Structure formats: C-alpha cells, structure tokens
Amino acid sequence: MQGERTSVSDSLTGAAPPADSATTSRRGPVVAALMLAMALAALDGTVIATAVPQIVGDLGGLSVFSWLFSGYLLAVTVTLPVYGKLSDTFGRKPVLISGVLLFLAGSLLCAAAWNMAALIAFRVVQGLGGGALQGTVQTIAADLYPLAERPRIQARLSSVWATSSVAGPALGGLLAGYADWRWIFLINLPVGALALWLIIRHLAESPRPRTAPVRVDWAGALGVFATGALLLTALVQGGVAWPWLSAPSLGLFAGAAVLALLTVAIERRAAEPVIPGWVWRRRTIAAVNLALGALGLLMVAPTVFVPTYAQTVLGLGPIAAGFVLSAMTLSWPVSAAFSNRLYTRIGFRLTAAVGTTLAMLVLLAMPFLPYPGEPWQPALMMLLLGAALGLVQLPLIVGVQSTVPWSERGTTTASVLFCRQVGQSLGAALFGALANAVLTARLPSGDLDDPATLTPAAVDAAVDHVYVGAAAAAAIALVVLLTVAPRRFPVLRAED
C-alpha cells in the first residue's frame, strides 16, 4: 500500500486525491442507482413485518415464521466479508450487479412460495443478494466522493434507511390488506430493474493493472459462511427455540468455535484471504470494528423494544407506536449530514466519542421517564438518541474508509458492517434473554406464553433493564474509542 497519510483537516484542505476507480462523470445517475439498491435492502426488513399474519394465514408455519427474518439476517451477515473481498478483487460493478440479480431472483421466488419452508429458503436467497447490496453500495459511495464530500452521499443513504423505517410497515400493511402479501416481494422487481439499468449504463470503473493472476479464496469464503451461520443461528435461536444451556445451543457454539479455528488456519495459509489479518492488526480498523459491533448491540434496544413499550405501557396502536420509534430515524440522517462540520475540527475519534457519550446518557435517562407517561416523552428521547448515533456511525465508516486505498476499501467496509450485524444479533439474544428474565420474575404466573399476563408494569420494568444494558454497550464502545482507536485516523492523501 502506497500513499501519504495525513490528518483529517489536512486531507480536506490539501490537494485533491486522484480519482478512484469509479468514475465521477456520471455521479447523479449512479447515486440514484445506489439509493434504489439500498432501498431494496432497507425496505425488505420492515415491509414484511406487518404482513406476517396474512402470510401465516395463507401458508401456515406459525412456529417457524421468525426464520423469515432470521434466515435473511444470517445470509446477509455471513456473506458481507465475502462480497467485500470479491469487490476488491474483481471490481464493485460486477459484484453489485450480481447482488441485485440474486436479490430480485429471491424476490420472485418468494412471491411464488407454496409453503413456509419454501418462503424461508427463498428469503435466504434474497439475503445472499442483500449482503452484496449493503457492503458494495457503501463502498461505491466512498469511491465516488472525496473525503470532504463523502458525508453528503452517506447522509442520502442514511435517509433511505430512515424513510424505509417509517414507510415500510405502512406499505406492507397496505399491500397485505388491500392486495396480496406476495406483492411485498413483487414490488422489488421494478425498483431493482431500474437500479440495475442505471448501474449497467452509468457506473464505469477504470481497469486496474494486475501483475499476478486472480486467486479467490473459496475455502476461506466457505469457512466464513459456515462459521457465521452456526454462530448466528445459536444467537438468534438460543432462548427462543431451545434453552441457552441445552444441547442444541452448546453444540452450535462448539461447532462455531471449531469452524472459526479451522477458518483462521485456512486464512493464514491463503494467498488472498477473504478476511485478511490486517483487518484486525491495524489499530484503526480494529477499533472501528469493535465500536460498531457495540453500536449494533445497543441499537437493538430501541428498534425491538420501543414498539412493545409504546403499545403495552402507553396504550398506543401499532401505527402510533411505529411513529414513536421513527423519531430516531428522522434525526439520525440530519445529525449524520452535519457531522463533517464536527469531525473536520476535532477528528473522527472524538466526534464518535461525543456521539457515544450522548447516546449513553439518553439510554440511561430512559428508565427515569414517568410511568406510564405521555407518548411525546419516549419520542423525544428517540429523537435525541438518533441525533447522537448520527455522530457515531457515519464518522467511523467515513473515517476508516479514508485510511485505506481502493484495493482494500471493499474488504474494510464489509468488515465493519459485518461486525455491526453480529452486534445486532448478539444484542437481540442478550437483551431478549434479559427482558424475559425480568418479565418472568414480575409476572404472577411466570408464563410468558400467555399475552394476558404481560402487565404494563412488568413490560416497563423489562424495558428499563434493557436500556441499562444498552447504555453498558455504549460505555464499551466509548472505552474502545478512547483507548484503542488512534487519536487521529491515518487518512490517505493519495491512493493507488
């Protein structure tokens, strides 16, 4: 790797870096394509949630419907590192095109599903494409824009996620209620087709000279996929499908540990490893990986538990409960868009540390809200939490992307997104177990399967404990930023 490293402020005021491999002459259509591709992945998680009753009523499979979400999550998470390496090896365009095609094929198959098992299998196919969409879109965004302009495109992508969080449940409910749940998947086809046309027509990449033949570490890719699948299955299903200390949980964790050791051995011998050792040996990347892993963990608290809190404790309907949560998604992209004014002055690390500290304070304040309280009170807290998190995620992603050249950017971006996804899975498992323990201790019958026994007071206590746990995750992220991350990120002035 070549190129002079400089501080953030120097890189913004000095000579402009040379153009990346993605051309900047047609950025408008390419950005539109990226936003459409991101919308496919962003909407997919929210639009299906409100249609679950209709899907189960048509196909059956109530006992396994949670795998509609878990199967997709598993496929996205474990393929992120693989697609990151492939985009560094073969270029972003072929990987993104393949991801869109695979996602659309999965969508068409989901619309044609004849039972719940088939629908779950086809959701996994969607997830295999979704992994390419999430990582490659973020990487191309960094290729298109120099550091000084990068927050603009990242804020646009964040706004796609925010809009999807608000519009997704409503769209899913409308399609399921007034058309058919299969249209939830069919609607992806025209959106994806337009994104595909824009990518093929307008995204151009300069040829990268190579002095050695391309070697793809397929054995390492299979090892990463298998290890991640076992680990995330254990985290997602533990305490739900079986007890944590049962044979299935222990067997999955043991299998994941064995496969992880085998994968490390394979990667150390590979000429072009899928997850190269430098991802963890470089202080900046390792710190961002750990910090975003903790961020993913704490994000579970609002996204999973606020709607339940709003409906059970505040007595709101599902739509109104969704709007309480959406306050966070409204302030997040606004804060992210203005974060560059802060990190150009104090650096990436301190900006993220400020956001993490504010997030920790908001999470600690949640248990002190009056009981039962008014809806505007948790909505205000979500607004503040979104503003705080906007100062964390975007500066860290932009910062770490700016420390590596084009040939390593896909792998680096995929590694931080992978850690965030694993953090979310771990958070869902840990906070779910914590909430269940509090509910069991406070319910008269101790029976969580009987919805009638879920009193508002018990749910309020459970959510309070979850927010304290989320604040602890924020504290871990803060410690990582202040002790592991370098004071100034080693930003590249010029890249090869």
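The lining of the second largest cavity in this predicted model divides into eight nonpolar residues, one polar and no charged. Here Ala, Val, Leu, Ile, Met, Phe, Trp, Tyr, Cys and Pro count as nonpolar, Asp, Glu, Lys and Arg as charged, and the others, Gly among them, as polar. The residues in question are Ala291, Leu295, Leu298, Thr356, Ala359, Leu389, Val392, Ala477 and Leu481. Two or more of them come from each of helix 13, helix 15 (348-365) and helix 19, with helix 13 giving the largest share at three residues. The volume comes to about 50 Å³. On a 1 Å grid over the protein atoms alone, a cavity is a set of points where a 1.4 Å probe fits but cannot get out, while a pocket is an open set with protein on both sides within 12 Å along at least five of seven lines; lining residues have an atom within 4 Å of a point. Points are joined across faces, edges and corners, and a volume is the space filled by probe spheres set on them.

Searching the whole structure turns up three cavities of 30 Å³ or more. The largest holds about 70 Å³, and its lining mixes seven nonpolar, one polar and four charged residues. Among the lining residues are Lys85, Arg215, Asp217 and Glu272, along with Phe90 and Trp218. Helix 4 (67-90) and helix 10 each give two or more residues to this lining, and helix 4 gives the most, with five.

Then there is the second largest pocket, with about 850 Å³ of space. Its lining runs to 37 residues, and Val264, Ile275, Trp280, Phe418 and Cys419 are the ones nearest the centre. By class, that lining has 24 nonpolar, ten polar and three charged residues. At least two residues apiece come from helix 10 (218-237), helix 11 (247-269), helix 12 (278-281), helix 13 (283-312), helix 18 (406-442) and helix 19 (456-483).

As for the protein overall, it has 19 helices and two strands (DSSP runs numbered from the N terminus: H or I of at least four residues for helices, E of at least two for strands). Of its 496 residues, 53% are buried, meaning under 20% relative accessible area with a 1.4 Å probe, protein chains only. The exposed surface is about 20200 Å², 68% of it from carbon and sulfur atoms, by the Shrake-Rupley method with a 1.4 Å probe. Among contacts (heavy atoms within 4.5 Å) between residues at least 6 apart in sequence, 84% join residues at least 24 apart.

Residues are numbered from 1 along each chain as its sequence is written, and side-chain values use heavy atoms, without hydrogens and water. Since the model is predicted, local features need pLDDT of at least 70 and side-chain atom pairs count only at pLDDT 80 or more, whereas totals for chains, interfaces and linings use all residues.

Notes:
Buried means under 20% relative accessible area, exposed over 50%, partly exposed in between (1.4 Å probe, protein chains only).
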